[in-house]
Amino acid sequence: MTEPVEAGSVVFMDLGINLGYWGTTGTDDLAAMKALTQAADVAGYRVAWLAEAYGSDVPSLAAYLSAFTENLEWGSAVFQIPARTPAMAAMTAATLDKITDGRFRLGLGVSGPQVSEGWHGVRFDSPLGRTREYVDIIRLAFDRKNVEYHGKHFELPLPDGPGKALRLLLLPERAQVPIYLASIGPKNMELTGEIADGWLGIFVSPEHLPEQLEQLRVGRERAGHADGSLDGFDVAAQVGLSMAGDLDTGANRLRANAALYVGGMGSRKKNFYNALARRMGFEEAAQEVQDLFLDRKHRDAAMAVPRDFIDRTALIGPREHVAERLHAYAEAGVTTLSVSPTGDSLEERVAAIHTLADIMDAEGLR
């Protein structure tokens with residue numbers, strides 16, 4: 001078992017819930033998503049995140065589900081950059097911010113080569129430069145300026161044609177909708193610190209987080225924040241939640257998901273999650289999980305995921321162990337801890353949402 005980070009002064013975190021996708025095999029139906037969001041709302045969670053790949057989209061679900069909650073903020077984790085023009089992303093974010101009375105957070109990500117090129121027909125080239133320009137254009141739109149932009153990847157309006165620089169007609173509820181980037185690699189982390197208001201991290205470990213925060217600080221300093229200060233910047237870690245009587249039972253519920261990402265999200269040559277696991281010190285395991293998954297031995301791949309990897313990157317096991325890990329995340333620098341609750345039934349998952357909130361309160365972490 002990984003040793004917890006030594007306790008220091010008490011720091012605070014917001015809680016979030018990850019709802020993921022809808023409508024595909026193994027995902028929740030709308031009734032379950034509604035029950036989970038309402039439980040999180042009642043338990044005082046701060047934000048609910050929704051995902052998209054090549055099935056359900058975020059905006060439709062966010063608009064629908066937000067009507068059943070009173071306090072939760074809503075976030076995209078993520079809008080896929082190749083799926084929308086930056087102007088369309090700005091329009092959608094402004095609309096959702098209006099619908100939710102100023103409670104929308106715009107999370108963006110470049111997706112991966114297979115989805116970008118195979119589903120959206122957009123070349124997966126220059127992801128850093130494309131992301132920078134994409135965010136530039138969105139901020140221009142939020143500033144209610146005529147959107148004129150001459151970049152390497154985006155040209156608005158198009159030259160030598162009838163297009164004109166237009167201004168966003170519908171303003172978001174707030175002057176600027178917070179923009180988050182889902183980033184994994186070091187250079188992308190630096191870019192996130194430079195141009196975003198928050199980071200959406202996956203497989204976040206308190207033991208590995210200091211290295212990632214240093215990368216964010218490089219970008220923050222580049223943007224003019226003294227000494228790379230992270231004040232006002234949201235470090236939003238997405239982790240699994242599996243309350244159980246022991247660590248093995250808790251970990252087993254999360255093995256298949258970890259194997260999918262480490263082993264199957266991308267090709268053998270380009271899998272960002274596999275590369276992250278390697279940087280975290282799990283080189284041999286990451287190789288084995290990928291080999292088994294790509295050989296379509298999915299169950300074996302799941303069992304090859306080390307329990308220590310899951311323990312470092314999720315909240316698993318009994319209440320006492322979860323409490324230790326919550327302190328580790330808070331003291332490492334996480335400001336929003338967003339959980340994906342697992343269990344053998346919807347009732348167990350709802351109970352886990354409330355139990356986690358109770359632990360946070362008992363430990364004085366929020």
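**A tour of two hollows and a glutamine**

By class, the residues lining the second largest pocket break down into 12 nonpolar, one polar and two charged. Keep in mind as you click around that this is a predicted model.

**Stop one: the pocket.** Select Ala87, Val147, Leu156, Lys164 and Leu166: of the 15 residues that line the second largest pocket, these are the closest to its centre. The space in this pocket comes to about 270 Å³. Now colour α3 (86-99) and α5 (127-142), the elements that each give two or more residues to the lining. Which of them gives the largest share of the lining? That's α3, with three residues.

**Stop two: a closed space.** The model has four cavities of 30 Å³ or more, and the largest cavity has a volume of about 70 Å³. To find the largest cavity, select its lining: Ile81, Pro82, Val110, Ser116, Val122, Arg123, Phe124, Asp125, Ser126, Pro127 and Arg130. Sort that lining by class and you get six nonpolar, two polar and three charged residues.

**Stop three: glutamine 287.** Jump to helix α11 (residues 283-294), where glutamine 287 sits. Is glutamine 287 buried, exposed or partly exposed? Its relative accessible area is 30%, so glutamine 287 counts as partly exposed, since that label covers values between 20% and 50%.

Next, show Arg268 and Arg278: glutamine 287 touches both, leaving aside residues up to four places away in sequence. Zoom in on arginine 278, whose side chain makes a polar contact with the side chain of glutamine 287 (2.7 Å). Last, pick valine 262, which is 25 residues from glutamine 287 along the chain; their C-alpha atoms are separated by 8.9 Å.

Terms used. Residues numbered from 1 in each chain as written. Predicted model: local features only at pLDDT ≥ 70, side-chain atom pairs only at ≥ 80, totals over all residues. Heavy atoms only, no water. 1 Å grid on protein atoms, 1.4 Å probe; cavity = no way out; pocket = protein on both sides within 12 Å on 5 of 7 lines; lining within 4 Å. Points joined across faces, edges and corners; volume = space filled by probe spheres on them. Nonpolar A, V, L, I, M, F, W, Y, C, P; charged D, E, K, R; others polar. Helix = DSSP H or I, 4+ residues; strand = E, 2+ residues; numbered from the N terminus. Buried < 20%, exposed > 50% of the residue type's maximum accessible area, 1.4 Å probe, protein only. Contact = heavy atoms within 4.5 Å. Polar contact = N/O pair within 3.5 Å; in protein donor to acceptor, adjacent residues only side chain to side chain.
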